[in-house]
Amino acid sequence: MVNPFIATSKTFFKMPIDQTDDKVILTSSDGKNSVTVLLYGATIISWKLNGKEQLWLSENAKLDGSKAVRGGIPLVFPVFGPPPKELADKGFVQHGFARVSTWELLGATGDNEIQLGLGPENVSDEKMKAAWPFDFTLIYSVKLDGEKLHTKISIENTDSKEFEFNWLFHTYFRINEIENTTVKGLNGVVVTDKVSKSDYTEEQDNVAIKQEVDRVYSSAGSNVVIQDGNSPLFTVERQNLSDVVVWNPWTEKANGMSDFTPKDGFHKMLCIEAGSVSKFNKLAPNNKWEASQVIQSHKL
Ligand code: TA6
């Protein structure tokens, strides 16, 4: 059951909110900043500051509910990456059902924040629901705050049995040029590198991206900063999200994804993904788990 005690969309908005049948747009009172959320997957598909897009979205990202959105901020729950075999055998897909289910707009909870909800009744994929048969309530909050975007998740176990899960914000940042881009704040962090198929400790203060990168930085410390040369582009602040995934598909993998266009678009995007994915989180009945990320743009 989705929490019924949330302000309904009839709540008075101090910031304009426009809702169509498949998306909701929250605009700042000065009209300069906005965030667009597709109800499918509660996927943020646009975040604009002074009219300037901050996120990367593939030119042929599917926005019709036919598949997970290629870009923006897809949501990963209850499993990150390829599912364990016992789930895969039952039809569970990579990154779970949150990003491929249609969420409910619950309404505004302040003058610049909206909430969306997901429960088992919203998961249309019956195989996935049967493979992960738990009662739960997800409440997702999206808040515009000047040059910052706050995204917070609350996961409640409304079942009588404990369940375990991963959570991740799969954020596609729009950058100027990948060859000039580095990531600061990961030195000294243990890495599971899916490309080199090795584990190591990051030694670079400024991690450069010069080829396909697909790494889970576990228990990363402080904030992570995406830099263009010596200039900060974005700061990613995490609460209760110990891990950071760094992903750029580069040429071959970009060519292999039909919904990734333009094919050289990997030069203009970098995924820095705040999550809790290096191990499963256990949640007992009637307990809640909350986490958030605050992304700040310095591209103004
Ligand atoms: O977050 C990195 C990752 O797990 C990569 O391994 C790559 O698969 C990426 O997610 C995109 O996954 P998707 O299922 O959206 O194609």
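**Exercise 1. Find the polar contacts of the ligand, and work out how much of its surface the protein buries.**

*Step 1.* Start at Gln94: an N or O atom in its side chain sits 2.8 Å from an oxygen atom of the ligand. That is a polar contact (a pair of N or O atoms within 3.5 Å).

*Step 2.* Turn to His170, where a polar side-chain atom is 3.0 Å from a ligand oxygen. For Glu273, the distance from a side-chain N or O atom to an oxygen of the ligand is 2.6 Å.

*Step 3.* Now the surface: the ligand by itself exposes 390 Å², and the protein buries 83% of that. Areas follow the Shrake-Rupley method with a 1.4 Å probe.

A word on the model: it is predicted, so local features need pLDDT of at least 70 and side-chain atom pairs pLDDT 80 or more, while totals for chains, interfaces and linings use all residues. Residues are numbered from 1 along each chain as its sequence is written, and side-chain values use heavy atoms, leaving out hydrogens and water.

**Exercise 2. List the residues around the ligand and sort them by class.**

*Step 1.* Collect the neighbours (a heavy atom within 4 Å). They are Arg70, Phe80, Gln94, His95, Arg99, His170, Lys194, Asp214, Val245, Trp247 and Glu273.

*Step 2.* Sort them: the shell has five charged, three polar and three nonpolar residues. Here Asp, Glu, Lys and Arg count as charged; Ala, Val, Leu, Ile, Met, Phe, Trp, Tyr, Cys and Pro as nonpolar; the others, Gly among them, as polar.

**Exercise 3. Describe the largest pocket and the second largest pocket.**

*Step 1.* Recall what a pocket is: on a 1 Å grid over the protein atoms alone, an open set of points where a 1.4 Å probe fits, with protein on both sides within 12 Å along at least five of seven lines; lining residues have an atom within 4 Å of a point.

*Step 2.* The largest pocket is the space taken by the ligand (more than half of the ligand's atoms lie within 2 Å of grid points). This pocket holds about 530 Å³. Among its 27 lining residues, Gln94, His95, His170, Asp214 and Trp247 are closest to the centre.

*Step 3.* The second largest pocket has about 160 Å³, and its lining includes Val79, Trp132 and Phe280. Helix H1 (85-88) and strand E11 (163-169) are the elements giving two or more residues to that lining; helices are DSSP runs of at least four residues, strands of at least two.

Key:
A polar contact is a pair of N or O atoms within 3.5 Å; within protein, one must be able to donate a hydrogen and the other to accept it, and residues adjacent in sequence count only if both atoms are side-chain atoms. Grid points are joined across faces, edges and corners, and a volume is the space filled by probe spheres set on the points.
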